[in-house]
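Hi,

Here is the structure I promised to pass along. Have a look at it first, and my notes follow underneath.

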Amino acid sequence: MEQNVNEILDGRYRIEQYIGSGGTSDVYKAFDLQEKRYVAIKMFIKELMDDEKAKRQFMHENQVFAVLENHPNIISVYEIAVKEDHIYIVMELAEGETLSHYINYHGGRLPLDQAVGFSCQILKALSHIHSKGVVHRDIKTKNIIVLQNSFIKITDFGIASISGIDDETEEVRGTALYMSPEQIKGNKTDTRTDIYSFGIVMYEMLTGVLPFTSNKEKA
């Protein structure tokens, strides 16, 4: 963990809690002293500053958020800061639980009306994402946040693709149990890829299990 609790980042964000980490970043809960609100800060790992591939991967998410506009069912981004010695994304702090945890906590399956309600919100978010030429490519219950008011937020655009920017043939990345056949093969993905993954999510909401089983997942 790189940032210290109570440290003030760039004179504005007071670091309050370490939340977790990913392949190229650490995530913190912080307080925005200027806007007087809590935020989540996704900080690029400093030890990787000389790793151009890791930096491109992190900056790619910045590109995605620059393309996307605010939508109520998508995590909002407030600021993207690219400095000489640090890079970070300031995002909405969605205080809830993952849909995966929510399903398990509620007995392994959801009532039909609730599953339909969640599905409608997810599809609204996907419709917006796709209208901007973006394919999420990692739709799964762990990347969907359920807030206390049963409001849905889609998060983690780390491997999303942008129309006109990404290559035709793509590196195989994603979560195997939710991936479409073309994504697993490394072929070109499009909006149908997300719809396939959404079908897996809906199946999981209604049954409490995944339609396919495997001991292996691709991170």
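Before you read on, is Y28 buried or exposed? Keep in mind that this is a predicted model. Y28 turns out to be buried, because its relative accessible area is 1% and the cut-off for buried is under 20%.

Now the overall picture. The protein has five helices and 11 strands. Its radius of gyration is 18 Å, which agrees with the value near 17 Å for a compact globule of 219 residues. Along the principal axes, the C-alpha atoms fill a box of roughly 45 × 40 × 35 Å. Buried residues account for 47% of the 219. If you take contacts between residues at least 6 apart in sequence, 56% of them join residues at least 24 apart.

On the surface, about 11400 Å² is exposed, with carbon and sulfur atoms supplying 49% of that. As for charge, there are 24 positive and 32 negative side chains, and the centres of the two sets lie 3 Å apart.

Back to the rings: I count six aromatic pairs. One of them is Y18 with Y28, edge-to-face, at 5.8 Å centre to centre and 65° between the planes. Y18 sits in strand β2 (residues 13-21) and Y28 in strand β3 (residues 25-32), 10 residues apart. Y18 is partly exposed, at 32% relative accessibility.

Another edge-to-face pair is Y102 and F118, with 5.6 Å between centres and 70° between planes. This one links helix α2 (residues 99-105), which holds Y102, to helix α3 (residues 112-131), which holds F118. Y102 is buried at 9% relative accessible area, and F118 is buried at 2%.

Cheers

Key:
Residues numbered from 1 in each chain as written. Predicted model: local features only at pLDDT ≥ 70, side-chain atom pairs only at ≥ 80, totals over all residues. Heavy atoms only, no water. Helix = DSSP H or I, 4+ residues; strand = E, 2+ residues; numbered from the N terminus. Rg over C-alpha atoms; globule rule 2.2 N^0.38 Å. Buried < 20%, exposed > 50% of the residue type's maximum accessible area, 1.4 Å probe, protein only. Contact = heavy atoms within 4.5 Å. Areas by Shrake-Rupley, 256 points an atom, 1.4 Å probe, with all protein chains shown as cover. Lys, Arg positive; Asp, Glu negative; His and termini not counted. Charge placed at Lys NZ, Arg CZ, Asp CG, Glu CD. Phe/Tyr/Trp six-rings, centres within 6.5 Å; stacked < 30°, edge-to-face > 60°.
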